[in-house]
Amino acid sequence: MQQLLDSAVRRCADLAGSLAPTTEQHRSLPEELVAALVDSGLMRAGVPASLGGPELPPDQVLGAVETIARADASAGWCTAISATTSLLSAYLPAEGAAEVFGDPRSVAAGVWAPTASAHLVDGGVRVSGRWAFCSGVSHADWLMAGCVLADPGTPDGSAPVLRVVAMPTQELKILDTWHTSGLRGTGSHDVVAADVFVPDHRMGSVIDGPPADVAALHRFPLFGFFALSVAAAALGNARGAIDDLVALAAVRRPSGSRKTLAERGSTQTAVAKAEAALRAARLLYFHSVAEAWEAARRPEPVSTDLRVALRLAASHAAGTAAEVTAAMYGLGGGTAIYEDSPLQRRFRDAHTVTAHIQVNADTFETTGRHLLGLPISTDRL
């Protein structure tokens, strides 16, 4: 099974690398790449075996995202988003999970920010609103989107009731808003719902958590997995940047120099430091994943310490990956500034990743507070 997965991941990565310029130009994944990713099972990696899903362990999913992002960050990112969204198959009622994730070729995109409102009606809710950053929505069959129940029937002054609803993308309007510096190929457009009916069985809560009897994969911290999937794309992109610089350094001679870039001591030192930083961040990352996975396989909830450690590892990995990528871009010199240089795309993609709320610099504050013995909010860890 592992060999089959590794082979499928390698095929997807090779295809993603060969199509990277097309992906960037069209601001979306090409159909043949989407088909290959669907065939691999990665786009629904979190669907439980009871629904015919792969139910892959976290390290396998995240490692696959890293490998694909090494070839093209946009492809790795879209894989990460769909794989993470597929975990919500355990958060929906059984009927809804089967409807959304039962088809082995079904792809779901997800944006959990509750920027829409949902009004209770007979048999479900009617949803209206707009979501930004809907990565991969152009090739998705479903969108799992966050909303606030406008009339939940709770006492005045209580906290808002947040839900995630599953809607067919054909019932939504996709706005062509994704004109960005980095991750251009993710097609992370805005999406609008105008009074879309969602039955009760296609509604769940990522805050309340999944049922108590779910498999270990769905006891693994959901928001932690989300942050880790973003960071996996960053790690793969940084590894790809080192690959690109090494290839360039073997043939490029800076102006006025008889030595290739690879033969210069300053290049050797910079590449060695980047390699050390990336390996160290990756070791912390997968160590934290392994500890949380071991805990998730036990019946008790994953501890706050381990949840915080996941967020720290993810943010550190994304930040380190950006620093490594920037260093490789700098070593590329004037060659790297041209559009046909993969290093400039790596640089743009890396710094787009670090803007994501799951791994931006603000997340270190939560870890720091916890380490200092101060109270923290744990509902989104």
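This is a short tour of one structure, stop by stop, with a selection to make at each. The model is predicted, and residues are numbered from 1 along the chain.

**Stop 1: helix α1**

Select residues 2–26, which form helix α1. Follow the helix to Leu19, where it bends by about 60°. Pro21 is a proline that follows within four residues of the bend.

Now show the side chains of α1. Which residues of α1 are buried? They are Leu5, Ala8, Val9, Cys12, Ala13, Leu15, Ala16, Leu19, Ala20, Thr23 and Glu24. Leu19 therefore appears twice at this stop, as the place of the bend and as a residue that counts as buried, with under 20% relative accessible area. To see what covers the buried residues of α1, add α2 (31–40), α3 (58–71), α4 and α10 (342–353), which are among the elements that do so.

Then step to Arg27, which follows α1 and has a positive phi, near 60°.

**Stop 2: two more positive phi values**

Select Glu55, in the loop between α2 and α3. Glu55 is not a glycine, yet its phi is positive, about 50°. Is Glu55 buried or partly exposed? Its relative accessibility is 27%, so Glu55 counts as partly exposed.

Next select Leu183, in the loop between β5 (173–175) and β6 (189–199). Leu183 also has a positive phi of about 50° without being a glycine. Here the relative accessible area is 3%, so Leu183 is buried.

**Stop 3: strand β1 and its partners**

Select β1 (108–121) and β2 (124–134). These strands run antiparallel and are joined by six bridges. For one place where they meet, select Ala118, which stands opposite Val127 in β2. How many residues lie between β1 and β2 in their hairpin? There are two, and Gly123 in the turn has a positive phi of about 85°.

Keep β1 selected and add β3, residues 142–149. β1 and β3 pair in the parallel sense, over seven bridges. Gly110 has Met144 in β3 as its bridge partner.

While the strands are on screen, look at the side chains: in a regular strand they alternate between the two faces of the sheet.

**Stop 4: the largest pocket**

The largest pocket holds about 1000 Å³ of space. To find its centre, select Ala113, Phe226, His356, Ile357 and Gln358, the closest to it of the 42 residues in the lining. The elements that give two or more residues to this lining are α4 (73–86), β1, β2, β4 (162–168), α7 (222–249), α9 (304–331) and α11 (363–371).

Which element gives the largest share of the lining? It is β1, the strand from the previous stop, with six residues. Colour the lining by residue type to see 21 nonpolar, 15 polar and six charged residues.

**Stop 5: the second largest pocket**

The second largest pocket holds about 350 Å³ of space. Of the 23 residues that line it, select Gly209, Pro210, His218, Arg219 and Arg307, which are the closest to its centre. Two elements to show here are α6 (216–219) and α7, which each give two or more residues to the lining. Helix α7 also contributes to the lining of the largest pocket. Coloured by type, the lining of the second largest pocket divides into 15 nonpolar, three polar and five charged residues.

Conventions: This is a predicted model: local features need pLDDT of at least 70, side-chain atom pairs count only at pLDDT 80 or more; totals for chains, interfaces and linings use all residues. Side-chain values use heavy atoms; hydrogens and water are left out. On a 1 Å grid over the protein atoms alone, a cavity is a set of points where a 1.4 Å probe fits but cannot get out, and a pocket is an open set with protein on both sides within 12 Å along at least five of seven lines; lining residues have an atom within 4 Å of a point. Grid points are joined across faces, edges and corners, and a volume is the space filled by probe spheres set on the points. Ala, Val, Leu, Ile, Met, Phe, Trp, Tyr, Cys and Pro count as nonpolar, Asp, Glu, Lys and Arg as charged, and the others, Gly among them, as polar. The bend at a residue is the angle between axes fitted to the seven residues ending there and the seven starting there. Buried means under 20% relative accessible area, exposed over 50%, partly exposed in between (1.4 Å probe, protein chains only). Contact means heavy atoms within 4.5 Å. Two strands pair if DSSP finds at least two bridges between them.
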